[in-house]
Amino acid sequence: MDERTVGLNELAQGLRPLVRGVEWFEGLAADEQFEVLRDLSGFCIQARATVEDGPESVRVAGIRPTHTPAVLITRGQLPAQLTKIINLPQDERVKAFRLLVALLGVADKRRRERFCAGGCTHAWHRFATGR
């Protein structure tokens, strides 16, 4: 697993402060920001994120429910909405980043509790325990 993937998963699990993640994200070039949002979107799908995760993700992300990424995440057809979110204009990218990190965290937490409680082979589920 590459360093960026590890860092994003650690952000989603609350093992790194989101403010540091945002600072890192803001320092990236526009094409790199797009790649990060695209990767996060894919991770959210892998974690089996649902539209029902939207409101909690908005709360965790600390963005307003009226912000464009927040509105999109609660509209249904999550894969299509994620595509719209990662393609938002530059001035929406930090909000999108915060939201997708939160969505990954919410979905992955549920997945760990339901499917991985007895152990699993997901490397990113061993960050907190060091196993």
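So, helices α2 and α3 are oblique to each other in this predicted model. Their axes, for residues 18–26 in α2 and 30–46 in α3, cross at roughly 135° and come within 9 Å. Angles over 145 degrees would count as roughly antiparallel, and that is why a crossing of roughly 135° is called oblique here.

Who is touching whom? On the α2 side we have Trp 24, Phe 25 and Glu 26, and they meet Gln 33, Val 36 and Leu 37 of α3. Sorted by character, the residues of this contact are four nonpolar, one polar and one charged.

Let's move on to the charges. How many salt bridges are there? The count comes to seven, and I'll walk you through some of them.

Take Arg 4 and Glu 35, whose side chains form a salt bridge at 3.9 Å, N to O. Arg 4 belongs to helix α1, residues 3–12, and Glu 35 to helix α3, so this pair ties together parts 31 residues apart in sequence. Both partners are partly exposed: Arg 4 has a relative accessible area of 27%, and Glu 35 has 29%.

Next, Arg 38 pairs with Asp 39, again as a salt bridge, with the closest N and O atoms 3.9 Å apart. Arg 38 is partly exposed at 41%, and Asp 39 is partly exposed at 21%. Please keep these four residues in mind, since Arg 4, Glu 35, Arg 38 and Asp 39 are linked in a salt-bridge network.

Finally, have a look at Asp 53 and Arg 110, which meet in a salt bridge of 2.5 Å, N to O. Asp 53 sits in the loop between α3 and α4, Arg 110 in helix α7, and 57 residues separate them. Buried or exposed? Asp 53 and Arg 110 are both buried.

Technical notes. Residues numbered from 1 in each chain as written. Predicted model: local features only at pLDDT ≥ 70, side-chain atom pairs only at ≥ 80, totals over all residues. Heavy atoms only, no water. Axes fitted to C-alpha atoms, helices over the stretch in contact; angles between N-to-C directions. Helix = DSSP H or I, 4+ residues; strand = E, 2+ residues; numbered from the N terminus. Parallel < 35°, antiparallel > 145°, perpendicular 65-115°, else oblique. Contact = heavy atoms within 4.5 Å. Nonpolar A, V, L, I, M, F, W, Y, C, P; charged D, E, K, R; others polar. Buried < 20%, exposed > 50% of the residue type's maximum accessible area, 1.4 Å probe, protein only.
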